[in-house]
Amino acid sequence: MDEKSDLMEKIISLCKRRGFIYPGSEIYGGLAGTYDYGPLGVALKNNIKNSWWKKFVDNREDMYGIDAAILMNAKVWQTTGHVDNFSDPMVDCKECKKRFRPDQLDNKKSCPECGGAFGIQRNFNMMFATQIGAVEDSSATVYLRPETAQGMFVNFKNVVDSLHPKLPFGLAQIGKAFRNEITPRDFIFRMREFEQMEIEYFVNQNDWQKYFDYWKDEILEWMDSLGIDMNSVHELEVEEADRAHYSSRTVDFEFDFPFGRKELYGLAYRTDFDLQSHTGASLNDLSYLDETTGERFVPHVIEPSFGLERSVLALLASAYKEDGVDGEIRQYLAFKPAIAPVICAVSPLLKNKPELQSRAREVYGMLKQEFGRVMYDDNGNIGKRYRRQDEIGTPFCIVVDFDSLENQTVTVRDRDTQKQELIKIDELVNYLKSKLV
Ligand code: ATP
């Protein structure tokens, strides 16, 4: 096994063992392309989403959050071209019947599983179709949305009419998207059900380049603040032939994942493609009136698009570290405190001393109320607790010992340096707050 696939195995195994991510429907043998998040995975995911929402929605004056339905009128996807064009090339092996994307095969002539011959290449539409209501006819077909973006375009008029935003402004949304990927793979990198965090930023056509560059910087700044290893991030100017049909310029932000350099996020200039198409098909006027100039026009769109699971994976790969402690290998996740699923764990030095237990419980209660993401841990000896907390990326372990009873101090141990500091109990909240920026 080479070093990189070894790293992937270690991350997957840690995620399962410590309650981050489990295979979907596991007790029934799983369901390809789906994963379930355990308690620590949910906390990590929520911290990423909250950081994104804070930076791109709450901290700005020009951004409006929405939460559109996953099921949308099928005309949305006919209009955008997804019904006709949202497909990947596919080949079936004539022998073992397995399906592959020919563009992902090293040897395009024979099946990588059994060596069998391939049938004719076809296009496979990646949208999941389902029937709505009790009647089974084609008019009842709806699709699970393959991107969150359209929720924003179809609500453009609603937001303009109800909140009267001034250009440039954006709509932002976090939500599930579904793609019937032919070959889901690489853990949570390519899934069939995943979450996107997307922005449609509406601008005057003359300004698109300025805002494209602006959003490039914003994306990089957020990645850095999250703790993604920026040495592993690369910008790729996507060639015209590889761009989506609606895009006039796309930059992919690629990341050196353990299985290779792949797309993490995308930034696309969607022109006025979506608003114009929906205007034509829905016969609703989706233009914008600039009150200062009196000009009415259809805005153009810059779209920063982020995959939540790919963020989780890039963060795990960036944070995973190993070093040697007491002749053993220590595995730990060096998450930034603001992103770590658990900010701190509180322990009594000894388990069988009621006075230590009750003081530790008090300290825990105080921190839990303040920060929420706090764990009480009195399992095993202190060394084992440190290892467990290191593995889940807890930046601080707080130990209540006999000094705590006398001097009102606790020992705070740092995950990365393993150094210990004495902190007064009544200064703990401020101490931890200062680490959360
Ligand atoms: P890829 O080329 O890897 O299939 P894409 O170019 O089709 O990705 P977009 O349509 O630009 O992806 O989707 C926006 C973002 O959504 C991507 O940058 C990625 O972070 C995420 N994403 C797309 N498809 C998946 C998937 N199958 N599983 C997890 N995340 C995904």
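Student: How many helices and strands does the protein chain have?
Tutor: The secondary structure comes to 13 helices and 24 strands. Keep in mind that this is a predicted model.

Student: What size of box do the C-alpha atoms fill?
Tutor: Taken along the principal axes, the box is roughly 75 × 65 × 45 Å.

Student: And what share of the residues counts as buried?
Tutor: That would be 51% of the 437 residues in the chain.

Student: OK, on to empty space. How many cavities of 30 Å³ or more are there?
Tutor: The structure holds 1, and the volume of this largest cavity is about 30 Å³.

Student: Which residues line the largest cavity?
Tutor: Its lining is made up of Ala345, Ser347, Ile382, Arg385, Tyr386, Cys397, Ile398 and Val399. By type, the lining residues split into 6 nonpolar, 1 polar and 1 charged.

Student: Which elements supply at least two residues each there?
Tutor: Those are β20 (344-348), α11 (382-392) and β22 (396-400).

Student: What about pockets, then? How much space lies in the second largest one?
Tutor: About 420 Å³. The second largest pocket has 16 lining residues, and Ser51, Lys54, Ala338, Ile339 and Leu436 are the ones that lie nearest its centre.

Student: Which elements give two or more residues to that lining?
Tutor: α2 (39-58) and α7 (208-226) do. The one that gives the most is α2, with 5 residues.

Student: How do the lining residues of the second largest pocket divide by type?
Tutor: You get 6 nonpolar, 5 polar and 5 charged.

Student: Switching to the surface: which residues form a nonpolar patch?
Tutor: Leu349, Leu350, Phe402 and Leu405 do, and together they have about 290 Å² of accessible area.

Student: Where does Leu405 sit?
Tutor: Leu405 is in helix α12, which spans residues 402-407.

Student: Why does Leu405 count as partly exposed?
Tutor: Because its relative accessibility is 31%, and partly exposed covers the range between the buried cut-off of under 20% and the exposed cut-off of over 50%.

Student: Last one, Pro165. Is Pro165 buried or exposed?
Tutor: Pro165 is buried, because its relative accessible area is 3%, and buried means under 20%.

Student: Where along the chain is Pro165?
Tutor: In the loop that runs between α6 (156-163) and β10 (169-178).

Student: And what separates the C-alpha atoms of Pro165 and Phe273?
Tutor: A distance of 21 Å, with the two residues 108 apart along the chain.

Technical notes
Residues numbered from 1 in each chain as written. Predicted model: local features only at pLDDT ≥ 70, side-chain atom pairs only at ≥ 80, totals over all residues. Heavy atoms only, no water. Patch = residues over 30% accessible without salt bridge, like charges linked within 9 Å, V, L, I, M, F, W, Y side chains within 5 Å. Areas by Shrake-Rupley, 256 points an atom, 1.4 Å probe, with all protein chains shown as cover. Salt bridge = Lys/Arg side-chain N within 4 Å of Asp/Glu carboxyl O. Helix = DSSP H or I, 4+ residues; strand = E, 2+ residues; numbered from the N terminus. Buried < 20%, exposed > 50% of the residue type's maximum accessible area, 1.4 Å probe, protein only. 1 Å grid on protein atoms, 1.4 Å probe; cavity = no way out; pocket = protein on both sides within 12 Å on 5 of 7 lines; lining within 4 Å. Points joined across faces, edges and corners; volume = space filled by probe spheres on them. Nonpolar A, V, L, I, M, F, W, Y, C, P; charged D, E, K, R; others polar.
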